[in-house]
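Please walk through how the helices of this model pack against one another, and where empty space is left inside it. Running paragraphs will do.

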Amino acid sequence: MKKKSFLKDLYTLIPLVFSGLLCIGLIFVLWQKISFTPQFEQKLQDLVSLFIGISGVLSVFIMISLVLFAISLKKNKRFELGSLERINQKMHDFREIIEILVRSKIWLPGLKEYIDEEFSGLTFFQVKEFYKGKSKLAIEFLQEKNNYAGTENLYLELKSLLLTDAKQKQIPETILKPDIYKKELVQKWLEHKCGSGLWYFFGYKYGAYKDALDLDAVYERHQEKIMTLANSIDNKTFEDSSFNEVFLSKLGEYISNEVIPKLYQIQEKSSESLPSLTRYLYVLLLLLVFFGVLLPLIYVLVNLSILFLVVCYAFVISLIFFISTTFFRFLNKIVND
């Protein structure tokens, strides 16, 4: 990674250095030419209109490119918004299933009281991050010996999926369905693989935990509601499923591997700033307008020193050299992104 970063910086630095050297060299050569050939100054003055025209055309081309980029970005934002709405709805349905499971009687007697009362305010995130030493309650929880066969970890994990803020300590009485899930919360879900506990407890290790998780305790009407919600999440994946440990295992795997990662990716993409190519073009536009149009016009109107014109010629020529040596790489980068 460091090598790639170094090469990336080098590919930008080399054209920049050569462009700077070219600019300095041109200023020196043009100034020397004026000093030894008086007629050359008049020649530079005669070329001002052409110089402004070339700079203006390049500026207009860059402005059109920026407008096209803006239109393209707007279309992408609309597409991302639609994707975000769909993935949000899947998360809403999944959290509704989790709410049913958390409030059901599948848990061993006393487990919910043990967590909700004795360890009130403890979250799954704090337990997973106990090594940071920020929560003494999490350390006490891990040191406790109880008769819940480890299912208290699953209970905490499922409760974490009902939160609406990463710093929230208690799940509310009424579970909210936000328009946009907070990025910090989604990042926590992704980091700690929330949802995978369903796969672990009901799939990979179900034989060890089946006596501690009573699926028959879930009311039949709740089972039907869970299956309806699961089909809303992904009809193709869950169409032939019935409410049992295999279904819950598949659901946990689907959510932790598909829904939460995609939710995070879409949020990351939608919050990105403008692509580097647009910033690159905007800087070029400013430099071209300033040195290729405004300064030469001021030179003509105010009759400034010929040195101003020499600097403008040298700078714009060097800028065109820089564009020609770097534009393809920036374009290739934006296409790949």
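In this predicted model, helices α3 and α7 pass each other in a left-handed crossing. Their axes come within 9 Å and cross at roughly 140°. An angle over 145° would count as roughly antiparallel, so α3 is oblique to α7. On the α3 side, Ile98, Leu101 and Val102 make the contact, and on the α7 side Tyr155, Leu158 and Lys159 do. By class, five of these residues are nonpolar and one is charged, with no polar residue in the contact.

Helix α3, which spans residues 48-103, also packs on helix α14, residues 276-302. Here the axes lie 9 Å apart and the angle is about 155°. That angle is over the 145° limit, and α3 and α14 are therefore roughly antiparallel to each other. The crossing of α3 and α14 is left-handed. Its contact residues comprise 20 nonpolar and six polar ones, and none that is charged.

Helix α7, residues 151-160, has a further contact, with helix α4, residues 111-118. The two axes come within 10 Å and cross at roughly 60°. Angles from 65° to 115° count as roughly perpendicular and those under 35° as roughly parallel; an angle of roughly 60° falls in neither range, so α4 and α7 are oblique to each other. The handedness of this crossing is right-handed. From α4, the contact takes in Leu111, Lys112, Ile115 and Asp116. From α7 come Thr151, Glu152, Tyr155, Leu156 and Lys159. Sorted by class, the contact of α4 with α7 has four nonpolar, one polar and four charged residues. Tyr155 and Lys159 of α7 thus appear in the contact with α4 and also in the contact with α3.

The remaining topic is empty space. Rolling a probe the size of a water molecule over the atoms shows where such space is left. How many cavities of 30 Å³ or more does a search of the whole structure find? The search finds one. The largest cavity holds about 50 Å³ of space.

Which residues line the largest cavity? They are Leu122, Thr123, Phe124, Leu156, Lys159, Ser160, Leu163, Lys169, Gln170 and Ile171. Helix α7 supplies the largest share of this lining, with three residues. The lining as a whole divides into five nonpolar, three polar and two charged residues. Leu156 belongs to this lining and also to the contact of α7 with α4. Lys159 is likewise part of the lining, and it takes part in the contact of α7 with α3 as well as in that with α4.

Terms used
Residues numbered from 1 in each chain as written. Predicted model: local features only at pLDDT ≥ 70, side-chain atom pairs only at ≥ 80, totals over all residues. Heavy atoms only, no water. Axes fitted to C-alpha atoms, helices over the stretch in contact; angles between N-to-C directions. Helix = DSSP H or I, 4+ residues; strand = E, 2+ residues; numbered from the N terminus. Left-handed = near helix turned anticlockwise from the far one by under 90°. Contact = heavy atoms within 4.5 Å. Nonpolar A, V, L, I, M, F, W, Y, C, P; charged D, E, K, R; others polar. 1 Å grid on protein atoms, 1.4 Å probe; cavity = no way out; pocket = protein on both sides within 12 Å on 5 of 7 lines; lining within 4 Å. Points joined across faces, edges and corners; volume = space filled by probe spheres on them.
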